[in-house]
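Let's take a walk through this protein together. Have the sequence and the 3D view open side by side, and follow along as each part comes up.

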Amino acid sequence: MSSKLILRFKDSIISEYPLVAEETSIGRKPENAIHIDNLAVSGHHARVLKIGSKVILEDLGSTNGTLIDKKQITKHILKHGDSILIGKHTLTYVQIEDSPVAAPSEPEEEDDMDKTMIITPQAKEALLNKNKPTAATMPLAAVQVITGSQAGKSFDLTSSLTSLGKGDSCRIKAKGFTVGKQSAVITRRPTGYHITHLEGLAKAKVNGTSITSQPTTLEDSAIIELGDMKLEFFLKKTSIF
């Protein structure tokens, strides 16, 4: 099943964007896959992640927030018909069954703005975070399995997301009756590495504390437990270029 986002301004459809990539960025800067040229939209406002059969919308600490059904979200598993409010624009999530997907329209090239219009107090925090390292220069990290059937094996976290669970599509597989097919995901963002619970009764633990649907930051030497396995998260000396 394929899916797409339909971008609207008031009652007019501006464009449609098939969700074919692992990650689709949304924001005011022209380099975003979904470019929304509006002062109420942050430069890098949100992103859509495809993890197995799930499509997840994640706000990237935007100034004015991302809303679904008038509720501000940090991370949300999209369902058919969800209406996403970003600034003054609306994105509608549509699932397509056995139907060819049209190629996305080229966004109009318009002048970029250097600053985001301040609408909420979150703007101050956004400006303070401006000089944080980008994903392109942050240290490379990895996890090493220390107990379980894969003990000794390590996984470099070079992708923007790494899924954990017992499903075939997961890169790191864990066993356990209550472990979800896509139990958790480790994301690599400019603010660092984070782990988030997705599904299943069993929730991964970081240093003995269960994670939630809100991102948990991974520090060097953190211990992750899920099902039958225990992993150590560590930073490498080399950087990603």
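What follows is a short tour of some strands, a loop and an open sheet.

Keep in mind that you're looking at a predicted model. A good place to start is strand β5, residues 46-51, which is mostly covered: 5 of its 6 residues are buried. Strand β3, residues 23-27, runs antiparallel to β5, and 4 bridges join the two. If you want to spot that pairing, look for T24, whose bridge partner in β5 is V48.

β5 also pairs with β6, again in the antiparallel sense, this time over 6 bridges. One pair to look for is I51 with its bridge partner K54 in β6. Together β5 and β6 make a hairpin, with 2 residues between them. G52 sits in that turn and has a positive phi of about 60°.

Now carry on past β6 (54-59) into the loop that leads to β7 (66-68), and you'll come to N64. Is N64 buried or exposed? It counts as buried, because its relative accessibility is 13% and the cut-off for buried is under 20%. The side chain of N64 also has a partner: it reaches the backbone oxygen of A40 at 2.7 Å.

Further along the chain, look for an open sheet of 5 strands, in the order β15-β14-β16-β17-β20 and with mixed pairing. Its edge strands are β15 (172-173) and β20 (216-217), each of which pairs on one side only. For β20, the neighbour is β17, residues 192-197; these two run antiparallel and are joined by 2 bridges. There you can find I195 standing opposite T216 in β20.

Conventions:
Residues numbered from 1 in each chain as written. Predicted model: local features only at pLDDT ≥ 70, side-chain atom pairs only at ≥ 80, totals over all residues. Heavy atoms only, no water. Buried < 20%, exposed > 50% of the residue type's maximum accessible area, 1.4 Å probe, protein only. Polar contact = N/O pair within 3.5 Å; in protein donor to acceptor, adjacent residues only side chain to side chain. Pairing = 2+ DSSP bridges.
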